[in-house]
Amino acid sequence: MLKKIKKLFSFLTLDMAIDLGTANSLVYVKDRGIIINEPSVVAVNNKTGQILSIGEEAKKMVGRTPSYITATRPLINGVISDFEVTEQMLKYFIEKTISTSKSFFKFAYMPRIIIGIPCGVTEVERKAVRDAAKNAGARTVFLIEEPLASAIGANLPIQEAGGNFIVDIGGGTTEVAVISLGGIVASKSLRIAGDKLNDDIIQFAQKEYKLLIGERTAEFIKINIGSALPLKEKKEVPMRGRNLVTGLPEEVVVFNDDIQRALERSVKQIVSAIKTTIEETPPELLSDVMTNGIYLAGGGSLLKGLDVLISHETKMPCKIIDDPLTSVVRGCGMALENIDTLADLVQKDEEWGAPI
Ligand code: ADP
Ligand code: MG
């Protein structure tokens with residue numbers, strides 16, 4: 001009976017997949033594809049508590065705001081650090097998704113939402129994500145661990161008995177996971193990823209040139225000339241900031257070799273987390289991993305030469321999956337579309353224990 005009623009009203013169900021990343025948040029809707037892909041940044045007026053802007057517009061404000069406005073990231077290390085702001089961001093995503101729908105019945109939509117969460121988050125943190133989504137208007141909330149979603153998005157055969165080794169290098173965290181039979185067999189979460197690399201460049205500019213540069217400048221340099229290995233080609237970019245001695249603006253030219261050295265320490269830590277996880281992987285699965293190799297996901301995996309370095313250090317093949325910045329949200333979407341067969345992989349809100 002309940003099933004019949006559900007089917008009757010299925011046209012009112014809006015299935016949304018959300019990747020709440022530390023750096024970028026994405027929304028995927030069946031038949032519409034990825035409809036939102038924006039930085040996870042929210043600008044708040046401290047005096048009134050009012051939210052001024054979300055996403056791209058708010059990111060532009062980072063480091064440029066007057067003192068009463070803060071442009072913050074509501075997620076730190078993939079976990080909600082500011083509950084209210086996260087809820088507002090989710091509300092903004094849900095409203096935007098509904099308002100851009102062409103359906104005649106959109107006024108009565110009942111959103112079913114699946115959200116990717118890092119592996120190893122606590123029960124309390126999971127509850128915070130679920131509550132934020134519920135308060136933002138979700139009727140049903142499913143949670144899935146990000147490495148699983150990434151692997152589904154990359155079409156890896158995760159439900160089979162073989163081992164799949166996936167490394168997701170995001171903004172705040174690097175998640176290393178070995179997946180077999182639809183579950184995570186071994187995993188490691190490291191708070192060194194894209195943001196730390198930006199920070200390394202900021203430190204380098206300060207130490208080497210007494211130059212204070214912003215986060216956006218550092219990210220620009222990383223993406224344009226950063227690498228995990230020394231490169232044959234020579235590249236340079238101008239670096240602008242404020243000279244800490246004179247207090248005046250200054251521009252210097254930086255070279256790729258210097259940036260590679262500045263990133264070396266953090267890159268080594270990422271590689272070492274991968275090696276530790278390999279050591280913890282059951283030998284039977286390791287033989288599959290040796291054949292299939294290590295799969296890289298997340299924006300941080302695009303650092304030049306990182307795949308080559310990981311392959312060299314682990315003596316295993318290493319491949320960046322197609323479109324590594326969107327694999328989590330695509331995988332979440334696929335999991336929701338096949339919720340009946342993939343039910344074991346996701347956690348539905350009704351399965352939550354007693355309220356905490
Ligand atoms: P999250 O899931 O935490 O939101 P993403 O997977 O969206 O993170 O990745 C964001 C990170 O990827 C940022 O730190 C960004 O600087 C980095 N990134 C994006 N493109 C590149 C690139 N071409 N080279 C190096 N790093 C990159
Ligand atoms: Mg991510």
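The following exchange goes through a sheet, two loop residues and a cavity in a predicted model.

Reader: What makes β13 and β18 the edges of their sheet?

Author: The sheet is open and has five strands in the order β13-β12-β11-β17-β18. β13 (183-190) and β18 (318-320) each have a single partner strand, so one side of each lacks a neighbour in the sheet. That is what puts them at the edges.

Reader: How do you know that β12 and β13 are paired?

Author: Two strands count as paired when there are at least two bridges between them. Seven bridges join β12 (residues 174-180) to β13, so the condition of at least two is met. The two strands run antiparallel. As one example, A177 has S187 in β13 as its bridge partner.

Reader: What makes you say that helix α8 packs on this sheet?

Author: Contact requires heavy atoms within 4.5 Å. Helix α8 (residues 256-280) touches β11 (164-169), β12, β13 and β17 (294-297). Its direction makes about 150° with that of β13.

Reader: Why is K210 called partly exposed?

Author: Its relative accessible area is 42%. Buried would need a value under 20% and exposed one over 50%, so a value in between is called partly exposed. K210 sits in the loop between α6 (194-209) and β14 (211-212). Its phi is positive, about 55°, although K210 is not a glycine.

Reader: Why is K315 called exposed?

Author: K315 has a relative accessible area of 73%. The cut-off for exposed is over 50%, so the word applies. K315 belongs to the loop between α10 (306-314) and β18. K315 also has a positive phi, near 60°, without being a glycine.

Reader: What makes a space in this structure a cavity, and how many are there of 30 Å³ or more?

Author: A cavity is a place where a 1.4 Å probe fits but cannot get out. The structure holds two of 30 Å³ or more, and the largest has a volume of about 50 Å³.

Reader: Which elements supply at least two residues each to the lining of the largest cavity?

Author: They are β1 (13-20), β2 (24-29) and α11 (327-337). Among the lining residues are D15, M16, Y28, G333 and L336.

Reader: How many residues of each class does that lining have?

Author: Five are nonpolar, one is polar and three are charged. Gly counts as polar, and Asp, Glu and Lys count as charged. G333 is therefore placed with the polar class, and D15, K30 and E337 with the charged class.

Note on methods: Residues numbered from 1 in each chain as written. Chains lettered and ligands numbered in written order. Predicted model: local features only at pLDDT ≥ 70, side-chain atom pairs only at ≥ 80, totals over all residues. Heavy atoms only, no water. Helix = DSSP H or I, 4+ residues; strand = E, 2+ residues; numbered from the N terminus. Axes fitted to C-alpha atoms, helices over the stretch in contact; angles between N-to-C directions. Buried < 20%, exposed > 50% of the residue type's maximum accessible area, 1.4 Å probe, protein only. 1 Å grid on protein atoms, 1.4 Å probe; cavity = no way out; pocket = protein on both sides within 12 Å on 5 of 7 lines; lining within 4 Å. Points joined across faces, edges and corners; volume = space filled by probe spheres on them.
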